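Trainee: I should like to learn how the features of a protein model are read. May we go through them one at a time?
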Amino acid sequence: MAKTLDKVDVVTVGVGWTGGIIAAECAKAGLKVLGLERGKERGTEDYLMVHDEFRYAIRYELMQDLSKETITFRNNRKQRALPMRQMGSFLLGENLGGSGTHWNGHTWRFLPYDFEIKSMTEKKYGKDKIPKDYFVRDWGITYDELEPYFDKFEKTAGISGDGKNPFEGKRSSDYPTPPMKKTPILKKFEEATTNLGYHPFMLPSANLSEKYKNPDGETINACQYCGFCERFGCEYGAKTSPEITVIPTARKTGNYDIRFHANVTEVLKKGDKVTGVKFIDRVSGEEFIQPADVVVLTSYVMNNAKLLMVSGIGEQYDPETGRGTLGKNYCYQILPGATGFFDEQMNVFMGAGSLGMTIDDFNGDNFDHSDLDFIHGASLSLTQTGARPIQTNPVPPDTPTWGAEFKKASIHNYTRTLNVSGQGASMPHKENYLSLDSNYKDAYGVPLLQMTYNFTDQDKALHKYLTSKTEEIMKEMGAKTVVPGNPLTDYDIVPYQTTHNVGGTTMGSEPDTSVVNNYLQHWDAENLFVVGAGNFPHNSGYNPTGTVGALAYRCAEGIIKYSKNGGSLV
Amino acid sequence: MAEERKKNLSRRDFLKTSGIATGTLLGGGLIGGLVGYNVKRTNVAEPETKTEAQKTETFKGRMFFTNNKDFNTLSQATERIFPKDDLGPGAIDLGVPYFIDNQLAGNYGNNTKEYMQGPFFAGEATQGYQSRLTRAEIFSQGIAKLNEEATKRFKKSFSELEGNQMDEILTDFQKDKIKMTAVSSAFFFRLLRQATLEGAYADPIYNGNNNMDAWRMKGFPGHQASYINVIENKEFQKIDPKSVSSMMH
Ligand SMILES: Cc1cc2nc3c(=O)[nH]c(=O)nc-3n(C[C@H](O)[C@H](O)[C@H](O)COP(=O)(O)OP(=O)(O)OC[C@H]3O[C@@H](n4cnc5c(N)ncnc54)[C@H](O)[C@@H]3O)c2cc1C
Ligand code: SF4
């Protein structure tokens, strides 16, 4: 028998960026907030010995314990879905801060085009530009409406940037901190892209260029370019993360508590409202019911979708009939790119997660698509994140993958190789979706989430086009050998690609096509909010968290309004 | 010698300045400790003290393999993957076999962080690891198979073969031409190759990468507190590597 606990105003499921932002804003507004986090407490003091590639980047010390829970995957409906038994394609977060602890910190605002992609594409290229099996649609919010929330997230996080991207949406203020250092490696890219007539700028970074105090009074330190950033926590408190910003802000109010080792298994619903959540204490094994006036799902794309599915909230998408919205519009990203082998040695092992330069000339609709068989594009960047020796063994084509020749070539080229790579936007397709698995269960007896996903023709065309652009840039950079990435085939869950999973719990202006409204309030339960990249109806050519952060601030505003007046916010 | 001293000096300079830069960061004991340790490690890198350091006994040992034949097979296989050459030591001198042995005895070998609930089906390549076996079980079977192939083809145990004979067998594993149970030989080979690279290049606290020699070959400085003062330099920075274990002293 589950034990029922005292009711709170707001309960969040998971404490990463989204859980932290909701907590900070609601607690500041006087609401009593409880965060339920399945993992443990952790913070800067735990990252002192973090410069250890093997433990953190290879053995995934900070990430989800898949023995307890994973997803199942198949490329298409005819295949049997099988568990992702070990981490690969994306790295799911766990413990305080979620993936916000071990992210890189590339912090983007999606383009104005992203939010109105369908209207803008049809207006410019006609109704036939988007084939009917692609569920491309507007988001139910415009860039201008979201701008103040982007601004707020960037100020909370102290983002460093140069503001020199001619393609980005209008900004109400400059980046809070100046850009990071422009290293010789970055300058190579800057020079090459300028020569080619493009518009390079410094990648907006959550590895701060200088010490910064945010509007909540939290201090973020200056990045040391240590080279152990992505997949690691920052021992200096210099990488903006929930543990050093929004979580302490929420805690300071006295209105916030976090319960660790609390794995939520169900959202409880009665009539057209939710009443709270059920969770299992991972240490004691006890089951609890946590009643709340407002429930907020902040457990990342996967568990947000899964919890709605196991709780029977909303209608599951069915590719056969086309009915239902839950699980629909799941998208990923594609990574066009080119590797260049140089003669001279470079300091590739120095760097920071977001140290890089980018061009947006081939992103969104910043270039003409009239004669192209795809829409959208990719940001193309050169990043200097700190190459580490286990993971970085670049060899020119035709070199064996082991033995004497491999050893020589991989050692020689380690400090002589650079990459230009893009994050290609992927568009939602009828056959790509999330649902519940009927065979496999997690450690608590709850079905696993099932992913049915493959790259589409749109993805392949975009990948091909942009790969050739990266190749041109790399040639211009002076590499003696340039190796373009292989053409896209089937999506493979094994190699790491990006943790930029989106969709499944989309936002929109109508309940027929979306799961939540533009305050991220569930259409079927007014006191249930669902926050994360799952809200995106399609993916963009950028990393998601800037937009996720903006949406979380918007959602918090909605929750505070709702707690005063109730009802639907739209 | 003058050259050597200059290198040390500039290194110490760099560490000192970076220490100052980092010292302002957390305003606490944490960074204090860091700076102190940096200075100390710089001294250790100097010739006289290095001899001292070399006297330190290490206690490597086997935690997983119970007999020499299997351990030697593992050792030779890793050496073929990452051989000793004019650049420096190979897998055996780097301690890779001990690294792998120790890993197999722990979380990695026992798949503690992997989803291991059934049912198990072979699946497509795009679906990844689907074996019911733990990595420890896969290695045990794989090593036994390497010996079996060696006996079958050359009437010797694997570690007694010539290099090219070993390569022939390993290549067949890689190409999935060897029959294994509940796992493919290609998958075992991928694990073996990856584990060899891990053992070569992981921090020496995991019992591979002896003396940080693999890092030295590659020009990777291991753990350094900060590059803030050198990252804009155009020249390639040769920095003597450091292990995270140095933070404990
Ligand atoms: C290696 C890596 C690099 C990245 N780099 C970038 C980057 O450079 N730029 C960028 O924009 N994005 C990046 N990302 C993505 C970014 O980290 C995420 O977009 C962001 O952290 C998502 O925040 P979230 O709050 O939605 O989820 P998370 O941060 O994942 O937090 C979710 C939390 O919920 C908890 N939880 C889940 N299920 C339950 C449950 N049932 N009960 C209780 N708790 C639960 C989890 O333990 C976790 O702590 C990166 C991600 C990774 C892994
Ligand atoms: S690169 Fe900078 S932000 Fe990243 S972990 Fe190192 S010091 Fe921290």
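Mentor: Let us begin with surface. Accessible areas come from the Shrake-Rupley method with a 1.4 Å probe, and for residues only the protein chains shown count as cover. In this case, chain B exposes about 11800 Å², of which carbon and sulfur atoms supply 52%. For chain A the exposed area is about 18600 Å², with 47% supplied by carbon and sulfur atoms. Please keep in mind that this is a predicted model, in which local features need pLDDT of at least 70 and side-chain atom pairs count only at pLDDT 80 or more, while totals for chains, interfaces and linings use all residues. Residues are numbered from 1 along each chain as its sequence is written, chains are lettered from A and ligands numbered from 1 in the order in which they are written, and side-chain values use heavy atoms, with hydrogens and water left out.

Trainee: How many helices and strands does chain A have?

Mentor: Helices (H or I, at least four residues) and strands (E, at least two) are DSSP runs, numbered from the N terminus. Chain A has 11 helices and 21 strands. Chain B has 11 helices and 0 strands, so its pattern along the sequence is written α-α-α-α-α-α-α-α-α-α-α.

Trainee: What does the radius of gyration say about chain A?

Mentor: This radius is taken over C-alpha atoms, and the globule rule is 2.2 Å times the number of residues to the power 0.38. For 570 residues, a compact globule would have a radius near 25 Å, and the 23 Å of chain A agrees with this. The C-alpha atoms of chain A fill a box of roughly 65 × 55 × 50 Å along the principal axes.

Trainee: Which share of the residues in chain A is buried?

Mentor: Buried means under 20% relative accessible area, exposed over 50%, and partly exposed in between (1.4 Å probe, protein chains only). In chain A, 67% of the 570 residues are buried. In chain B, 48% of the 249 residues count as buried.

Trainee: What do contacts tell us about residues that are apart in sequence?

Mentor: A contact means heavy atoms within 4.5 Å. Of the contacts in chain A with a separation of 6 or more, 75% come from residues 24 or more positions apart. In chain B, among contacts between residues at least 6 apart in sequence, 60% join residues at least 24 apart. As a single case, A:Leu5 lies in the loop between strand 1 (3-4) and strand 2 (8-13) of chain A. Leaving aside neighbours within four places in sequence, A:Leu5 is in contact with residues including A:Arg259, A:Phe279 and A:Pro291.

Trainee: How is a pair of aromatic rings described?

Mentor: One gives the distance of the centres and the angle of the planes. Rings of Phe, Tyr and Trp (its six-membered ring) pair if their centres lie within 6.5 Å; planes under 30 degrees apart count as stacked, over 60 as edge-to-face and the rest as tilted. By this rule there are 48 aromatic pairs over all chains. The rings of B:Tyr129 and B:Phe187 are edge-to-face, because their centres are 5.0 Å apart and their planes stand at 85 degrees. B:Tyr129 lies in the loop between helix 7 (107-110) and helix 8 (135-154) of chain B, and B:Phe187 in helix 10 (residues 185-201), so the pair ties together parts that are 58 residues apart in sequence.

Trainee: Are these two residues buried or exposed?

Mentor: B:Tyr129 is buried, with a relative accessible area of 4%, and B:Phe187 is buried at 15%.
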